Amino acid sequence: MRTKSFVRARDALSQLQLDHEAILQLLRDFDSLRLVDREGVQGKAELVDCLCDTLILHAQIKEEIFYPVVRSELGCDTQALDAFCHHETLYRLIAQLDEMGPRDEAYDEVVAQIGDWVISSLDREQSVLFTRVRGAGLNTAALSKAMARRRRAQQQEYTGQDLLALRRA
């Protein structure tokens, strides 16, 4: 069901917005679970795995498809270029989580750091970059199709695998 909603999004920005909403919901779900059941380590681990996989897939689609097209269209728009997310911090934090378990003392703190980074990045991206893309008249429908194809391919290829390990390969 999740894949269909992304595939049906006719606009690249709508697709990315759906990602953003899913990521923010996963962060809220984690926070709720953490507050309600401090011993719910299995649930936390599963939720964090889903969050990390979603973040990595989202970042890869932006890096491989969205950003290159937008960069070429916007040229030297400094404010827009500054809004591009640099995912190194995100990948480093996810790698830290890969080395921990949900019972580790720093686990929740690293997830919180990911949340802080994500919220800041998504806000900047939506308020600056999305506005510039809309204003540039970019063919976001064609871009959406390319992103949806890449998403389907990645989901089929990576089903059940560690996306960060594949990213490093």
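This report describes the helices, salt bridges, aromatic pairs and cysteines of a predicted model.

## Overall architecture

The chain contains eight helices and zero strands. Read from the N terminus, its elements therefore follow the order α-α-α-α-α-α-α-α. Of its 169 residues, 43% count as buried.

Contacts across the sequence are also described by their separation. Among contacts between residues at least 6 apart in sequence, 77% join residues at least 24 apart. Several of the pairs described below link residues in separate helices, including a pair in α6 and α3 and a pair in α3 and α7.

## Helix α2

Helix α2 comprises 25 residues, from residue 12 to residue 36. At 1.5 Å a residue it should span 36 Å, and the C-alpha atoms at its ends are 36 Å apart, which agrees with that expectation. At the start of α2, a side-chain oxygen of Asp11 comes to within 2.9 Å of the backbone nitrogen of Leu13.

The buried residues of α2 are Ala12, Leu13, Gln15, Leu16, Asp19, His20, Ala22, Ile23, Leu26, Leu27 and Phe30. Leu13 thus appears both in this buried set and in the approach of Asp11 to the start of the helix.

## Salt bridges

The structure holds five salt bridges, and three of them are described here. One lies inside α2: the side chains of Asp31 and Arg34 meet at 2.5 Å, N to O. Both residues belong to α2 and lie three residues apart, about one turn of the helix. Asp31 has a relative accessible area of 34%, which means that Asp31 is partly exposed, since that class lies between the 20% limit for buried and the 50% limit for exposed.

Another salt bridge joins Asp108 and Lys44, whose closest N and O atoms are 2.9 Å apart. Asp108 lies in helix α6 (residues 107-136) and Lys44 in helix α3 (residues 41-74), so this pair ties together parts that are 64 residues apart in sequence. Asp108 and Lys44 are both buried. Glu64 and Arg150 also form a salt bridge, with their side chains meeting at 2.7 Å, N to O. Glu64 lies in helix α3 and Arg150 in helix α7 (residues 140-158), so the pair connects parts that are 86 residues apart in sequence. Both partners are partly exposed: Glu64 has a relative accessibility of 38%, and Arg150 has a relative accessible area of 22%.

## Gln154 and its surroundings

Gln154 lies in helix α7. Its relative accessibility is 1%, so Gln154 counts as buried. The side chain of Gln154 makes a polar contact of 2.4 Å with the side chain of Gln60.

Leaving aside residues up to four places away in sequence, Gln154 touches Leu57, Gln60, Ile61 and Glu64. Glu64 is also the residue that forms a salt bridge with Arg150.

## Aromatic cluster

A pair of aromatic rings is described by the distance of the centres and the angle of the planes. The count of aromatic pairs comes to two. Phe66 and Tyr67 form a tilted pair, with 6.0 Å from centre to centre and 50° between the planes. Both Phe66 and Tyr67 are buried.

The rings of Phe66 and Phe130 have centres 6.5 Å apart and planes at 70°, so this pair is edge-to-face. Phe66 lies in helix α3 and Phe130 in helix α6, so the pair ties together parts that are 64 residues apart in sequence. Phe66 counts as buried at 0% relative accessibility, and Phe130 counts as buried at 2%. Phe66, Tyr67 and Phe130 form one aromatic cluster.

## Cysteines

A search of the whole structure finds zero disulfides. Cys50 is in no disulfide, and its nearest cysteine sulfur, that of Cys52, is 9.4 Å away. The closest cysteine sulfur to that of Cys52 is likewise in Cys50, and the distance of 9.4 Å is too far for a bond, because a disulfide requires two cysteine sulfur atoms within 2.5 Å.

The accessibility of each cysteine is also given. Cys50 is partly exposed, with a relative accessible area of 37%, whereas Cys52 counts as buried at 5% relative accessibility.

Key:
Residues numbered from 1 in each chain as written. Predicted model: local features only at pLDDT ≥ 70, side-chain atom pairs only at ≥ 80, totals over all residues. Heavy atoms only, no water. Helix = DSSP H or I, 4+ residues; strand = E, 2+ residues; numbered from the N terminus. Expected span 1.5 Å × (residues − 1). Buried < 20%, exposed > 50% of the residue type's maximum accessible area, 1.4 Å probe, protein only. Polar contact = N/O pair within 3.5 Å; in protein donor to acceptor, adjacent residues only side chain to side chain. Salt bridge = Lys/Arg side-chain N within 4 Å of Asp/Glu carboxyl O. Phe/Tyr/Trp six-rings, centres within 6.5 Å; stacked < 30°, edge-to-face > 60°. Contact = heavy atoms within 4.5 Å.
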